[in-house]
Amino acid sequence: MLEEIRAAKKSGDFSPIVMAIPYFRFLGLTALPDEHGVICRLPADPRLIGNPFLPAVHGGVIGALLEAAALMQLVWQSETAALPKIINLAVDYLRSARPVETMAQGIVTRHGRRIANVRVEAWQDDRLRPVAAAHVHLLLS
């Protein structure tokens with residue numbers, strides 16, 4: 001994993017990191033750098049629908065997207081060569097996530113020697129109308 005992280009930071013291609021995590025790979029996540037860091041994208045996929053009557057993406061899938069965005073942002077911003085470990089993830093579900101492409105991006109709010117805090121928002125069509133937000137605490141290696 002160390003080599004994948006170094007290569008991703010050098011090239012801006014996070015697909016080897018995403019592919020190394022089986023659940024992220026199952027979800028079809030992608031991660032691309034932009035001017036503010038890394039944006040994670042969750043594709044529209046009928047397998048990810050949790051409530052077929054609305055329809056809405058399963059909350060656990062949205063939580064995984066938020067977790068991925070926090071990890072990728074922290075890896076992008078920090079000098080770490082190993083993936084941080086999740087200590088705590090608190091998700092606020094703000095509205096139903098329709099079965100369309102969903103994006104998420106994190107902001108590192110505190111980066112200490114051992115622990116980092118990341119705030120993440122997920123949105124669909126309009127970044128100003130997030131579908132979910134999270135506070136993530138991560139243990140640095």
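The exercises below work through the sheet, the core and the salt bridges of one predicted model.

Residues are numbered from 1 along each chain as its sequence is written, and side-chain values use heavy atoms, with hydrogens and water left out. Because the model is predicted, local features need pLDDT of at least 70 and side-chain atom pairs count only at pLDDT 80 or more, while totals for chains, interfaces and linings use all residues.

**Exercise 1. The sheet**

Give the order of the strands in the open sheet, and state which strands are at its edges.

Solution.
Step 1. Fix the terms. Helices (H or I, at least four residues) and strands (E, at least two) are DSSP runs, numbered from the N terminus. Two strands pair if DSSP finds at least two bridges between them.
Step 2. Read the order. The open sheet has 6 strands in the order E1-E2-E6-E7-E8-E5, and the pairing is antiparallel.
Step 3. Find the edges. Strand E1 (30–34) and strand E5 (85–93) each pair on one side only, which makes them the edge strands.
Step 4. Add the twist. On average, neighbouring strands of this sheet are turned by 25° against each other, direction ignored.
Step 5. Look at one pair. Strand E2 (residues 37–42) and strand E6 (residues 102–111) run antiparallel and are joined by 4 bridges. In this pair, Leu42 stands opposite Thr102 in E6.

**Exercise 2. A helix across the sheet**

Which strands does helix H4 lie across, and at about what angle does it run to E6?

Solution.
Step 1. Helix H4 covers residues 59–77 and lies across E1, E2, E5, E6, strand E7 (115–123) and strand E8 (132–139).
Step 2. The helix runs at about 50° to E6. Axes are lines fitted to C-alpha atoms, for helices over the stretch in contact (heavy atoms within 4.5 Å); angles run from 0 to 180 degrees between N-to-C directions.

**Exercise 3. The core**

How many residues does the largest nonpolar core have, and which element gives the largest share?

Solution.
Step 1. A nonpolar core is a set of buried Ala, Val, Leu, Ile, Met, Phe, Trp, Tyr and Cys residues joined through side-chain atoms within 4.5 Å. Buried means under 20% relative accessible area, exposed over 50%, and partly exposed in between (1.4 Å probe, protein chains only).
Step 2. The largest core has 41 residues, and Leu42 is among those with the most contacts inside it.
Step 3. The largest share, 12 residues, comes from H4.
Step 4. Check Leu42. Neighbours within four places in sequence set aside, its contacts include Leu27, Leu29, Val61 and Leu65.
Step 5. In soluble globular proteins, nonpolar side chains tend to be buried together.

**Exercise 4. Salt bridges**

Which residue forms a salt bridge with Arg41, and how many residues apart are the two?

Solution.
Step 1. A salt bridge is a side-chain nitrogen of Lys or Arg within 4 Å of a carboxyl oxygen of Asp or Glu. The structure holds 4 of them.
Step 2. Arg41 pairs with Glu101, with the closest N and O atoms 3.9 Å apart.
Step 3. Arg41 is in strand E2 and Glu101 is in the loop between E5 and E6, 60 residues apart, so the pair links distant parts of the chain.
Step 4. Arg41 is partly exposed at 28% relative accessible area, and Glu101 is partly exposed at 39%.
Step 5. Another salt bridge joins Asp45 and Arg47 (2.9 Å, N to O). Asp45 counts as buried because its relative accessibility is 18%.
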